[in-house]
Amino acid sequence: MPSVIWSEMGTEAQHNDVVLLARNLSKSYRSGKMDLEVLRGVGLQIFRGETVAITGASGVGKSTLLHILGTLDRPTSGDLEIQSVDVLNLGEEELAGFRNRHIGFVFQFHNLLPEFTALENVMMPGLIADESASALGEEAGFLLDRVGLGARLHHRPGEMSGGECQRVAVARALIRKPQVVLADEPSGNLDDRASRSLHELIRELAAEEQETFIVMTHDREFAASLDRTGHIEAGVLHLN
């Protein structure tokens, strides 16, 4: 992976492979008469094809950070660029379109639509964006084959295991060729065997397809197998 090319967080990155750049992200919530500070001065620089794990105890702000990086929530202060776009200055409608095109999500629970097949679930982000159904079907079939589910295209979530459903969720996250995939405890609801299989898939996709993953996880063994590991404590991100 490319080395970090600045000496201090806040120096402008001048690297074509920088996918995500965050500076001094903070998030506070009002609790009674007090402000509860969940994140304090978080900085990140993520490169294309990199896998980054962020660990920390429950309630320290991992999911809050993921929601901000994924533009599902806004920070109290700070800056965020994805593919050199200042996403925090986009209007809500424009931001929703940007998110659907450039960011993929994998959550702890797969959130597949139960009435649709694996193929249809993977196609859904593209269908929402009015892309060609035939082209999407071809790409979705390719992705499902890539994640080891080529024989399960027409199975619904209720007909698949939890591990298989998470692989469908990974394929769905990739259908629009996003710049970054954000995963929140993606194996937290799986048994050990399915977890190992999913972890291996994420590493393979990063290495072979140059996909970029930021993963929030409690699994320290998995975290240690990724390119870089960060830890959130008292709202501060410590990233190697």
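**Pockets and helix packing in a predicted model**

By class, the residues that line the largest pocket comprise 11 nonpolar, 4 polar and 4 charged. The structure described here is a predicted model. The lining of this pocket numbers 19 residues in total, and those nearest its centre are Asn-100, Ile-103, Phe-105, Pro-125 and Arg-172. Four elements each give two or more residues to the lining of the largest pocket: helix α2 (92–102), strand β6 (103–106), helix α3 and helix α5 (162–174). The volume of the largest pocket is about 400 Å³.

The second largest pocket has a volume of about 320 Å³. It is lined by 18 residues, of which Lys-177, Pro-178, Glu-209, Gln-210 and Glu-211 are the closest to its centre. Two elements, α4 and α6 (192–209), give two or more residues to this lining. Of the elements, α4 gives the most to the lining of the second largest pocket, namely 4 residues. By class, the lining of the second largest pocket divides into 6 nonpolar, 5 polar and 7 charged residues.

The helices that contribute to these linings also pack against one another in pairs. Consider α3 and α4, which span residues 118–128 and residues 133–146 respectively. Their axes come within 9 Å and cross at roughly 125 degrees. An angle of this kind falls outside the ranges for roughly parallel, roughly antiparallel and roughly perpendicular, and α3 and α4 are therefore oblique to each other. The crossing in which α3 passes α4 is right-handed. On the α3 side, the contact involves Ala-118, Leu-119, Val-122, Met-123, Gly-126 and Leu-127. These residues meet Ala-133, Leu-136, Gly-137, Ala-140, Gly-141, Leu-143 and Leu-144 in α4. By class, the contact of α3 with α4 has 10 nonpolar and 3 polar residues, with no charged residues.

How are α5 and α6 arranged relative to each other? Their axes lie 9 Å apart, and the two helices pack at an angle of about 20 degrees. Angles under 35 degrees count as roughly parallel, and α5 and α6 are therefore roughly parallel to each other. As α5 passes α6, the crossing is right-handed. From α5, the contact draws on Gly-163, Gln-166, Arg-167, Val-170 and Leu-174. From α6, it draws on Ala-194, Ser-197, Leu-198, Leu-201 and Leu-205. By class, the contact of α5 with α6 has 6 nonpolar residues, 3 polar residues and 1 charged residue.

How values were computed. Residues are numbered from 1 along each chain as its sequence is written. This is a predicted model: local features need pLDDT of at least 70, side-chain atom pairs count only at pLDDT 80 or more; totals for chains, interfaces and linings use all residues. Side-chain values use heavy atoms; hydrogens and water are left out. Axes are lines fitted to C-alpha atoms, for helices over the stretch in contact, and angles run from 0 to 180 degrees between N-to-C directions. Angles under 35 degrees count as roughly parallel, over 145 as roughly antiparallel, 65 to 115 as roughly perpendicular and the rest as oblique. A crossing is left-handed if the near helix is turned anticlockwise from the far one by less than a right angle, and right-handed if clockwise. Contact means heavy atoms within 4.5 Å. Ala, Val, Leu, Ile, Met, Phe, Trp, Tyr, Cys and Pro count as nonpolar, Asp, Glu, Lys and Arg as charged, and the others, Gly among them, as polar. On a 1 Å grid over the protein atoms alone, a cavity is a set of points where a 1.4 Å probe fits but cannot get out, and a pocket is an open set with protein on both sides within 12 Å along at least five of seven lines; lining residues have an atom within 4 Å of a point. Grid points are joined across faces, edges and corners, and a volume is the space filled by probe spheres set on the points.
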